[in-house]
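Visitor: I would like to learn how to read burial, cores, salt bridges and surface patches from a model. Please take one feature at a time.

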Amino acid sequence: MNPELSEQLLEELVKITSTLLGKHMDECVRSIFFNLTGPQFATVYYLYEHEAWGDVEDSNRQVPFESSHGSGELSNGWSRQDGTAKPQADDRRQMSDLTEHARKDLNAHQVEIRHALEATGKLALKGFDEQESRLLVGYLEQLIKSVES
């Protein structure tokens, strides 16, 4: 197969997959947080999960999403608009880009969030058997590592 054709096909398949799953996530998220899009929710939830695990060590970290989907566009009290992280009171090494309002809202809706994420995951794996699902997840993890480096 021609490498250019293969790369072009891969690019189109990634775009289509991202668009379709993004639309599904938008619908799920809008039913929980009417003022967030799917990509905005992904950014907020990424920050939320990394705060909870203590993975945030400095304010120079980068969120692995396009800037057009990043926290800079978030409003309504979700993320600090100036992009500065705020030290946590209990651990000054741990920084936060999320507002207290955002953390409380996310905590209050954990069950709904989990259902939305599971529904999107099930949709993505629909039609795959267990072995194919494991392979796909492995390939996606490998793709992410390749793109991050």
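Guide: Start with burial: a residue is buried under 20% relative accessible area, exposed over 50%, and partly exposed in between. Keep in mind that this is a predicted model.

Visitor: Which elements does the chain have, and in what order do they run?

Guide: The chain has five helices and two strands. From the N terminus on, the order is α-α-β-β-α-α-α. Of its 149 residues, 25% count as buried.

Visitor: How do I read the two sides of a helix, taking α3 as the case? Which of its residues are buried?

Guide: The general idea first: an α-helix has 3.6 residues a turn, so residues three or four places apart point the same way. In α3, the buried residues are Ala-102, Arg-103 and Leu-106. They cover an arc of only 100° around the axis, which puts them on the same side of α3. Lys-104 and Ala-108, on the other side of α3, are exposed.

Visitor: What about α4: which residues are buried there, and which are exposed?

Guide: Ile-113, Ala-116 and Thr-120 are the buried residues in α4. Seen down the axis of α4, they fall within an arc of 65°, so they line one face of the helix. On the other side of α4, the exposed residues are Val-111, His-115 and Lys-122.

Visitor: How many residues does α4 have, and what span does it reach?

Guide: To read a span, take 1.5 Å times one less than the number of residues as the expected value. Helix α4, residues 110-125, has 16 residues and reaches 22 Å from its first C-alpha to its last, close to the 22 Å expected. Gly-127 follows α4, and its phi is positive, near 90°.

Visitor: Where does Ile-113 lie, and why does it count as buried?

Guide: Ile-113 lies in helix α4. It counts as buried because its relative accessibility is 0%, with the cut-off for buried at under 20%. A sequence-distant pair can also be read here: Ile-113 and Ile-32 are 81 residues apart along the chain, and their C-alpha atoms are separated by 7.6 Å.

Visitor: Next, the nonpolar core. Which residues have the most contacts inside the largest one?

Guide: A core of this kind joins buried nonpolar residues through side-chain atoms within 4.5 Å. The largest nonpolar core has 17 residues, and those with the most contacts inside it are Phe-33, Phe-41, Trp-78, Leu-98, Leu-106 and Ile-113. The helices α1, α2 (38-52), α3 (100-108) and α4 each supply at least two residues of this core. With five residues, α2 gives the most to it. Two of the names have come up before: Leu-106 is among the buried residues of α3, and Ile-113 is among those of α4.

Visitor: How many salt bridges are there, and how should I read them?

Guide: The test is a side-chain nitrogen of Lys or Arg within 4 Å of a carboxyl oxygen of Asp or Glu. By this rule the count comes to three salt bridges. In one of them, the side chains of Glu-11 and Lys-15 meet at 3.1 Å, N to O. These two are separated by about one helical turn, because they are four residues apart in helix α1. Glu-11 counts as partly exposed at 44% relative accessibility, and Lys-15 is partly exposed with a relative accessible area of 44%.

Visitor: Which residue forms a salt bridge with Glu-100? Is each partner buried or partly exposed?

Guide: Glu-100 pairs with Arg-103, the closest N and O atoms being 3.0 Å apart. Their places in helix α3 are three residues apart, so about one helical turn separates them. Glu-100, at 46% relative accessibility, counts as partly exposed, whereas Arg-103, at 13%, counts as buried.

Visitor: And which residue forms a salt bridge with Glu-130?

Guide: Arg-134 does, with the closest N and O atoms 2.6 Å apart. Glu-130 and Arg-134 are four residues apart in helix α5, so they too are separated by about one helical turn. Both Glu-130 and Arg-134 are exposed.

Visitor: Last, the surface. Which residues make the nonpolar patch?

Guide: Residues enter a patch with over 30% relative accessible area and no salt bridge. Here Leu-10, Val-14, Leu-140, Leu-143 and Val-147 make a nonpolar surface patch of about 440 Å². Helices α1 (3-32) and α5 (130-148) each supply at least two of its residues, and the largest share, three residues, comes from α5. Leu-143 lies in helix α5 and counts as partly exposed at 37% relative accessibility.

Notes
Residues numbered from 1 in each chain as written. Predicted model: local features only at pLDDT ≥ 70, side-chain atom pairs only at ≥ 80, totals over all residues. Heavy atoms only, no water. Patch = residues over 30% accessible without salt bridge, like charges linked within 9 Å, V, L, I, M, F, W, Y side chains within 5 Å. Areas by Shrake-Rupley, 256 points an atom, 1.4 Å probe, with all protein chains shown as cover. Buried < 20%, exposed > 50% of the residue type's maximum accessible area, 1.4 Å probe, protein only. Arc of directions from axis to C-beta.
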